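User: I'm new to reading protein structures and would like to learn how helices and strands fit together. Could we go through this one step by step?

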Amino acid sequence: MDYVIALAGNPNSGKTTLFNELTGSKQHVGNWPGVTVDKKEGVYKKDKNIKILDLPGTYSLSPYSAEEIIARDYIVKNKPDVVINIVDGTNIERNLYLTLQIAETKIPMVVAMNMMDEVESQGDKIDCEKLKNILGVPVIPIVARNGKGLDKLMAEAVKVAKDKPLGKKLEVFDENISNAVNAISELLIESNNDSSSVKAISTEAQWKAIKLVENDEIVSSTLSDNKRAAVEKIVREAEKNADGDTEAKIADLRYQFITKTVNTAVKKSKKGYVETKSDKIDKILTNRFLALPIFAIIMYLMFAITFSENFLLIEGLPSPGVWLAGLAEGLWGSFADVVDGLIANASPVVYSLIMDGVIEGLGAIIGFIPLVWVLYLLISFLEDCGYMARIAFVMDRIFRRFGLSGRSFIPLLMGFGCGVPAVMATRTLDSEKDRTITTIITAFMPCGAKLPIFAMFVSTFFAGNNKTLVTYSLYMLSIVVAIVVSLILNKFVYKSATSNFVMELPRYRVPTIKSIAIHGWEKVKGFAVKAGTVIFISTILIWLLSNFNINSFNGVNAANNEDGVIMAEMDDSFLASVGNAVAPVFKPLGFGEWRPTVGVATGWIAKEMVVVTLAQLYDDDVSPEYLEGYFSQYNQEELEELGFEDGQYDEEAAFDIYTEGILWEGEDENALSTMKDDIKTKAAAYSYMVFNLLCMPCFAAVGATKRELKSWKLTGAAVGTQMLTAYIVAFVVYTVGSLIA
Amino acid sequence: MSLMMVPLGETKIVTEFRGKDDMKRHLQDLGVVKGEKIQVVGETSSGLILLIKGVRIALNRGLASLIIVN
């Protein structure tokens, strides 16, 4: 017999930790409310017939945010065989509020009383037997982090799933509320006498009735007009006897029941407020004056560790991120050499496909997977230790001025790594307005995949300038544009007040290395998979389109070329024809030629493709003939200094030395001459970077956007906003830049 | 009085919430209900940190001013 077990609990109650322990899966565990932004599925590692679902953390079954709706919908509609309700024992009063609500659904339940070690070390005692008697469901003490009590928990859960005991009727409500609930549930059952069992109907009606007395709009909207009117009459009557507010009354009654329960079953060693270590840390990190400077330093360190070429201000010392990136590129280079040796004798078409298409294409992105990984490790660390929740709070005051909540900060920060997890993180935002605007402006962030574009253009066109400053200006521009667009959307599209900020501040914890590593990998995985599939396929596609034309297939090329090769010159290819047709659109932005146009379009497959495409399309600029000509100006001594072994010119080494040494340093004034024919000025180059920075993100991110906004119309509007913004800003940059220069 | 006027460190009893229904419901879920003890344990430039039912909750000034205590 197969069972489905759902894990439900408050954010930060240890749900995901429990899930990982039970399934052996490597889900990430964060110290940030909302880590499980989607439900996750696994199989119990000790019994493959048991399916385990990790639901997003929720405070109640009256959902407030989008992720809470996922949890409620699953519990109420899909009806798992048993719900394991994880309760944080150190925070039992607030956690039992959800427990009572799950009990109301009559879905079989087991309570897992988590963090029992911390409860003990605080000197408190929780009597699980007594709790079990009061709540009428098994209550099992566990420590999810070290697996204590989990076997017993699962044995109990399976037993409950098998027996499906009818929960005990809890005396939570007063007479007034009980009467209203009963009256409504009778009303709901009356007209609903179809074939399904009476018992099932009455449990569901009972739950719906409670929600209706609580004024739940979602349940209310499923009723017919007649019935809704009848229900409203009953609720209004009940409100008269509940100080005009049945919803508050119900919450109050639940908490009263919990207080009674806790007084019976829990012994606390200390009463009242005790200043914890967390509180002391908060006094510094959220301090009115220190909070922002500390935050700025932490952000600076984070980006320095990831991207700095002069780490700790030491000239030439690479940061861990840059060092790893170099390592990855080196390994890929050696791999390319091996492949090159293996296929040296293959036909020209196959050789070109593998070397120019696949190896070169993937090579362009291998280098920054480590960068994204390091960045996400650091973000994970900040999340796991609990600081991220504080940053959101500290930033709230600033974000509020731009019409956003401090919670929007996290998605935007993640946008510096990869837009896909960033867009998914918008699900933790409270209001639809915040979610939509944050999703749109997340696309403006300079994600890891956009960095190669900056690296290539800044080093090619701004070699004589302060390159760091130019790159920095793009970062600043993305933030300014995000703010301005947010303000405009707030003012002209939504016209509503900013939603309020309320968030639980979890205790500070020292994150485990395992948890951070898992977290970092979880986020970078999507990115790496994308590189392995979408980018792989699209590099081949671009290679095809840029090396062939119609004459490749009707024999004209084969007849014209001496050696019978059917491939076409690039400026005569399929790609050139399409690019030429679209290019005029970009004339006002300074790069209305077919090759840059194609670069923009392939950027939508994945932003890193812009560089890959340009490298493929302008490969005449780094052809062996050109390189030989360029290096002929140097004598033997100079060649040795540049990195040629024994000062001997070597065709194979020349490419790397040229791109990494000469080109990036901007030492060859005639470099990339064909590219400079298309993108003539610094203003045009900057405009090209700006357009790629701000325009529609890659398809993977657009897909994530559609999933979060849940409508093609809104997604279309979001992409439209991004394209329009990119066009306007790039136009202004090019026009103003051209005037200055 | 509103929660914004409560001095740091003091404990008060919640008497009323003057905001919208959905926020009221969310606050109830977090433990902010009528008759509950609430202590201001931190003040930042964004708002207040409260201790309620043993949990620390951060909220912005606008929201804090809607919570009435005595």
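User: What is the handedness of the crossing of α20(A) and α35(A)?

Analyst: Happy to start there, and please keep in mind that this is a predicted model. Helix α20 spans residues 432-442 of chain A and helix α35 spans residues 712-740 of chain A, and the two pack with their axes 9 Å apart. Their crossing is right-handed.

User: How are α20(A) and α35(A) oriented to each other: roughly parallel, roughly antiparallel, roughly perpendicular or oblique?

Analyst: The angle between these two helices is about 45°. An angle under 35 degrees would count as roughly parallel, and one from 65 to 115 as roughly perpendicular. The value fits neither range, nor is it over 145, so α20(A) and α35(A) are oblique.

User: How many residues of the contact of α20(A) with α35(A) are charged?

Analyst: Let's look at who takes part. α20(A) brings Thr436(A), Thr439(A) and Ile440(A), while α35(A) brings Leu714(A), Ala718(A), Thr721(A) and Gln722(A). By class, three are nonpolar and four are polar, and the number of charged residues is no more than the list suggests: no charged.

User: Which way does α14(A) run relative to α16(A), roughly parallel or roughly antiparallel?

Analyst: Helix α14 covers residues 320-342 of chain A, and helix α16 covers residues 369-385 of chain A. Their axes are 8 Å apart and the angle is about 150°. Since angles over 145 degrees fall in that class, α14(A) is roughly antiparallel to α16(A).

User: Which class do eight residues of the contact of α14(A) with α16(A) belong to?

Analyst: From α14(A) come Pro320(A), Gly321(A), Leu324(A), Ala325(A) and Ala328(A), and from α16(A) come Ile369(A), Pro370(A), Leu371(A) and Val374(A). One residue of this contact is polar and none is charged. The eight you ask about are nonpolar.

User: How is α13(A) oriented relative to α14(A), roughly parallel or roughly antiparallel?

Analyst: Helix α13, residues 291-307 of chain A, packs with α14(A) at an angle of about 20°, and the axes are 3 Å apart. Ile305(A), Thr306(A) and Phe307(A) of α13(A) meet Pro320(A), Gly321(A) and Val322(A) of α14(A). Because the angle is under 35 degrees, α13(A) is roughly parallel to α14(A).

User: Which strands stand at the edges of the open sheet of six strands?

Analyst: The strand order is β9(A)-β4(B)-β3(B)-β2(B)-β1(B)-β5(B), with antiparallel pairing. An edge strand here has a single partner strand, so one side of it is left without a neighbour in the sheet. The strands in that position are β9 of chain A and β5 (67-69) of chain B.

User: What is the average twist of that sheet from one strand to the next?

Analyst: Let's picture both ends of the sheet. β9(A) pairs with strand β4 (residues 55-60) of chain B over three bridges, where Leu59(B) is the partner of Val502(A). Strand β1 (residues 11-17) of chain B pairs with β5(B) over three bridges as well, and Glu16(B) is matched with Ile68(B). From one strand to the next, the twist averages 40°.

User: Which element of chain A gives the most to the side that touches chain B?

Analyst: The contact takes 30 residues from chain A and 31 residues from chain B. The elements of chain A giving two or more residues are α3, α11 (246-265), α12 (277-285), α17 (387-401) and β9 (502-504). With five residues, the top contributor is α11(A).

User: Which element gives the largest share of the side of domain 1 of chain A that touches domain 2 of chain A?

Analyst: Domain 1 (3-163) and domain 2 (175-267) come from the domain assignment of chain A. In their contact, 16 residues of domain 1 meet 15 residues of domain 2. On the domain 1 side, α3 (92-105), β6 (125-126) and α5 (128-135) each give two or more residues. The largest share, seven residues, comes from α3(A).

User: How many residues lie between β2(A) and β3(A) in their hairpin?

Analyst: Strand β2 (residues 40-43) and strand β3 (residues 50-54) of chain A run antiparallel and are joined by four bridges. In one of these pairings, Lys40(A) has Asp54(A) as its bridge partner. The number of residues between the strands of this hairpin is six.

Key:
Residues numbered from 1 in each chain as written. Chains lettered and ligands numbered in written order. Predicted model: local features only at pLDDT ≥ 70, side-chain atom pairs only at ≥ 80, totals over all residues. Domains from an automatic or database assignment. Contact = placed C-beta atoms within 7 Å. Axes fitted to C-alpha atoms, helices over the stretch in contact; angles between N-to-C directions. Nonpolar A, V, L, I, M, F, W, Y, C, P; charged D, E, K, R; others polar. Pairing = 2+ DSSP bridges. Left-handed = near helix turned anticlockwise from the far one by under 90°.
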